[in-house]
Amino acid sequence: MLKNAVALVTGGASGLGRATVERFAGAGYNVLLCDLPTSKGHDVAKELGEKVVYCPVDVLSEKDVSGALEVAKSKFGRLDVSVNCAGIAVAVKTYNFNKKVAHKLEDFQRVLLVNTAGTFNVIRLSAGLMGENEPNADGQRGVIVNTASVAAYDGQIGQAAYSASKAAVVGMTLPIARDLSTQGIRIVTVAPGLFNTPMLQALPDKVRAFLAKTVPFPQRLGEPSEYAQLVQSIVDNPMLNGEVIRLDGALRMMPRDEVLTGMLLHMIKSPVPVNKLNYFLSLGERRRFLIIIFYEMDSFSTLSYDGFHHPTSYRSMIGRLPATLGKKNGIFKFYIETSVNFLDRKDLRWKFLQKAILLAFEYHF
């Protein structure tokens, strides 16, 4: 383990970044917690003690990143480790054929700028300061750790921009490792799966429970401390270089429609107001989507629609579907006609519910 090391962590005010800052500080590192001026970085640094110094940084700003590196040099005399955790996401289909709207190019560009160019900006500037260090017995002068995502490999519906940005981080890992090898600077990328970060913590318990069940083993969400543990291991192991490590419990992400359908069917035993799902469904964009949630109560006698509960008979519930969907009045006609005659056949009810949910997603997403 490096002793009295100096580390810089972007996105350090929350989630994976904060966990990394906490672990480094606990190991005796001096840590530069870098995050946006609008973040809680100052409060977090104060909470974690004198080993942690907050630096307001936009990773796209050469001035901001250079300023943080100047703090490292003036206050601690060096930089040994740089960890990139800052990033953003959007969830938009390449083309919405129902609304006849294409993915906004500026949204795509913004995600690539922050996640890819922002990461590279920190790498290229950090490497310059690390190169001034005296090499150890192996000739090592520094370590850089990037954060990609399993979306780099298993991108879901609506993740074209996010997946592209993270795949770029994966793709540049080896060439940068080769670029920096002559100066003894290692670089490794971590591709996390589903982690218990603030975004997922904002979801209802049942949603998080379903997402946890999609992980083969261990069947739970990852903890940010486990990400930080891997980062520490990367720093400590001198043979890790030019590699991407998946940290995901063997998770392989499904297309988003399948995830959402499974999530709703998992929650079918109890009502869940739709407005609690919007944050997850739009990955932070907070759009209002028209979602219909069915759940089992008195043999499918209750319909939960957009947060309001409407007791009704099962036959009446089926009859209401076209009106509920508004413009798409004929979309459920076939399933209604083939289901109303078999209301006592539970297996057919389940098939109907599954198809209805899929069709609702197909129209509204």
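Guide: Buried means under 20% relative accessible area, exposed over 50%, and partly exposed anything in between (1.4 Å probe, protein chains only). What you see is a predicted model, in which local features need pLDDT of at least 70, side-chain atom pairs count only at pLDDT 80 or more, and totals for chains, interfaces and linings use all residues. Residues are numbered from 1 along each chain as its sequence is written, and side-chain values use heavy atoms, leaving out hydrogens and water.

Visitor: So is Cys-85 buried or exposed?

Guide: The relative accessible area of Cys-85 is 18%. That falls under the cut-off I just gave, so Cys-85 counts as buried.

Visitor: Which element gives the largest share of the largest nonpolar core?

Guide: A nonpolar core is a set of buried Ala, Val, Leu, Ile, Met, Phe, Trp, Tyr and Cys residues joined through side-chain atoms within 4.5 Å, and the largest one here has 33 residues, with Leu-8, Leu-32 and Ile-144 among those with the most contacts inside it. Strand E1 (6–10), helix H3 (62–76), helix H4 (105–130) and helix H6 (160–180) are among the elements that each supply at least two of its residues; helices (H or I, at least four residues) and strands (E, at least two) are DSSP runs, numbered from the N terminus. The largest share, seven residues, comes from H4.

Visitor: How many residues are in the second, separate core?

Guide: Ala-7, Val-21, Tyr-29 and Val-190 are included in this other core. Its count of residues is 28.

Visitor: What is Ala-5 in contact with, leaving aside its neighbours within four places in sequence?

Guide: Ala-5 sits in the segment before E1 and is buried, at 2% relative accessibility. Its C-alpha atom is 7.6 Å from that of Val-81, though the two residues are 76 apart along the chain. Contact means heavy atoms within 4.5 Å, and once those neighbours are set aside, the partners of Ala-5 are Tyr-29, Asn-30 and Asp-80.

Visitor: How far from Cys-55 is the nearest cysteine sulfur?

Guide: A disulfide is a pair of cysteine sulfur atoms within 2.5 Å, and a search of the whole structure turns up zero of them. Cys-55 is in no disulfide, and with a relative accessible area of 6% this residue is buried. The nearest cysteine sulfur belongs to Cys-34, at a distance of 4.9 Å.

Visitor: How far apart are the end C-alpha atoms of helix H9?

Guide: The expected span of a helix is 1.5 Å times one less than its number of residues. H9 (residues 224–236) has 13 residues, so it should span 18 Å. Its buried residues include Tyr-227, Leu-230 and Ile-234, and their cover includes helix H1 (15–26) and strand E4 (81–84). The model agrees with the expected span, as the end C-alpha atoms of H9 are separated by 19 Å.

Visitor: What is omega for the peptide bond from Phe-217 to Pro-218?

Guide: Look in the loop between helix H8 (205–213) and H9, where Pro-218 is found. The bond from Phe-217 to Pro-218 is cis, with omega near -5°.

Visitor: Where does Lys-100 lie?

Guide: Lys-100 isn't a glycine, yet its phi is positive, about 55°. At 66% relative accessibility, Lys-100 counts as exposed. Its place is the loop between strand E5 (95–96) and strand E6 (101–102).

Visitor: And what is the phi of Ala-250?

Guide: Ala-250 lies in the loop between E9 and helix H10 (256–266), partly exposed with a relative accessible area of 47%. Although Ala-250 is not a glycine, its phi is positive, at about 70°.
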